[in-house]
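Colleague: I am new to this structure and would love a close look at one part of it. Could you walk me through how the helices there pack together?

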Amino acid sequence: MQGNPAGSGARGGQVTGAGRGAGLGLALVSAFAFGGSGVAAKPLIEAGLDPLHVVWLRIAGAALIMLPLAWRHRSLLVQRPALLAGFGLLAVAGVQTCYFVAISRIPVGVALLIEYLGPALVLGWIRFVQRRPVTRAAAIGVVLAVGGLACVVEVWAGMRFDVLGVLLGLGAAVCQAGYFILGDHGSDAGEEAPNPLGVIAYGLLIGAVVLTVVARPWTMDWSVLSGRADMDGTSVPGLLLLGWIVLIATVLAYGSGVMAVRRLSPQVAGVVSCLEAVIATVFAWILLGEHLSAPQVIGGTMVLVGAFIAQGSTPAKAVTEPVAGGMPGGGGELSGSDGSESAESRTSV
């Protein structure tokens with residue numbers, strides 16, 4: 001993790017084949033890790049823990065584990081205070097709190113679909129705020145993935161309209177988009193790029209502080225953790241479930257996710273992350289006995305196809321262009337002005 005935190009295949013305007021392959025692998029690891037959080041958290045919630053208490057245990061436990069890394073990279077507090085605050089508030093506390101409060105007002109499937117508009121918001125940010133082109137493949141991948149998610153979560157079942165619930169779901173989507181955008185921050189800075197594990201460590205610490213105020217853990221029923229929870233007829237120790245949530249679904253999930261963004265791009269990593277919903281559904285099928293319907297199987301296939309299409313084409317990003325603001329060359333062109341764009345960027349939109 002010394003030097004360039006993204007590794008030898010990191011982006012510097014172009015993504016090497018090895019770097020893209022490593023990034024895809026890390027994105028899949030992150031999706032599996034995040035996708036496994038629900039099957040571990042649900043038995044604890046059914047055993048008597050409040051959902052926000054589970055979120056607090058998840059983030060606070062991970063922050064404690066990452067504390068040595070936070071100390072090692074304490075210079076980030078001076079060098080990147082805004083990045084750390086944004087990551088902690090949006091990528092950690094914001095997305096978790098908005099989602100869990102949203103599902104108390106609208107169906108879980110609806111909230112999940114709204115949250116996974118995040119990758120589409122990332123494309124909008126890059127295309128209209130940073131004024132950079134995005135490939136048609138990435139855009140098509142988002143459309144397929146979101147459409148597939150509609151089938152996976154069966155959004156047509158139990159639909160009801162709640163303004164505050166929908167707004168909270170959109171808040172979760174904005175925070176999720178912030179996770180990918182902030183995870184990409186400084187990826188082209190080479191040796192000066194902020195260490196991703198340091199950013200995650202401080203993000204978790206800040207998120208834990210914010211969630212302490214929101215979740216009020218002093219009201220928690222701690223006895224649930226020392227007992228056992230039911231997982232589809234199997235008795236599982238509460239501490240074992242908590243360990244999975246903290247170590248796998250948080251530390252590993254956030255770490256591999258940010259490293260994936262550094263090697264791919266926010267929009268491609270965001271689309272691949274949509275696999276989390278499919279993985280979570282499959283885990284629930286196997287471990288909790290929540291069976292998939294035919295539309296969910298079809299939707300899962302659509303998500304897989306969308307993710308594959310998106311990761312197969314790297315979004316165009318010129319080495320010498322500023323991250324924000326207009327494009328050089330005076331004409332406001334959204335692709336290379338010399339006509340020499342790569343095969344991957346010729347289909348940008």
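Modeller: Happy to! One term will help at the start: a crossing is called left-handed if the near helix is turned anticlockwise from the far one by less than a right angle, and right-handed if it is turned clockwise. Please keep in mind that this is a predicted model.

Let us centre on α3, which spans residues 51-65. Its crossing with α6 is right-handed. The angle between α3 and α6, a helix of residues 81-102, is about 160 degrees, and their axes are 10 Å apart. Angles over 145 degrees count as roughly antiparallel, so α3 and α6 are roughly antiparallel to each other. On the α3 side, Pro-51, Leu-52, Val-55, Arg-58 and Ile-59 make the contact, and α6 brings Val-92, Gln-96 and Phe-100 to it. Sorted by class, these residues are 6 nonpolar, 1 polar and 1 charged.

Now turn to the partnership of α3 with α2, the helix of residues 37-46. Here the packing angle is about 130 degrees, with the axes 10 Å apart. That makes α2 oblique to α3. This crossing, too, is right-handed. From α2 come Ser-37, Ala-41, Leu-44 and Ile-45, which meet Pro-51, Val-54 and Arg-58 of α3. The contact of α2 with α3 divides into 5 nonpolar residues, 1 polar and 1 charged.

Two residues of α3 are worth finding in your viewer: Pro-51 and Arg-58 take part in the contact with α2 and also in the contact with α6.

How values were computed:
Residues are numbered from 1 along each chain as its sequence is written. This is a predicted model: local features need pLDDT of at least 70, side-chain atom pairs count only at pLDDT 80 or more; totals for chains, interfaces and linings use all residues. Side-chain values use heavy atoms; hydrogens and water are left out. Axes are lines fitted to C-alpha atoms, for helices over the stretch in contact, and angles run from 0 to 180 degrees between N-to-C directions. Helices (H or I, at least four residues) and strands (E, at least two) are DSSP runs, numbered from the N terminus. Angles under 35 degrees count as roughly parallel, over 145 as roughly antiparallel, 65 to 115 as roughly perpendicular and the rest as oblique. Contact means heavy atoms within 4.5 Å. Ala, Val, Leu, Ile, Met, Phe, Trp, Tyr, Cys and Pro count as nonpolar, Asp, Glu, Lys and Arg as charged, and the others, Gly among them, as polar.
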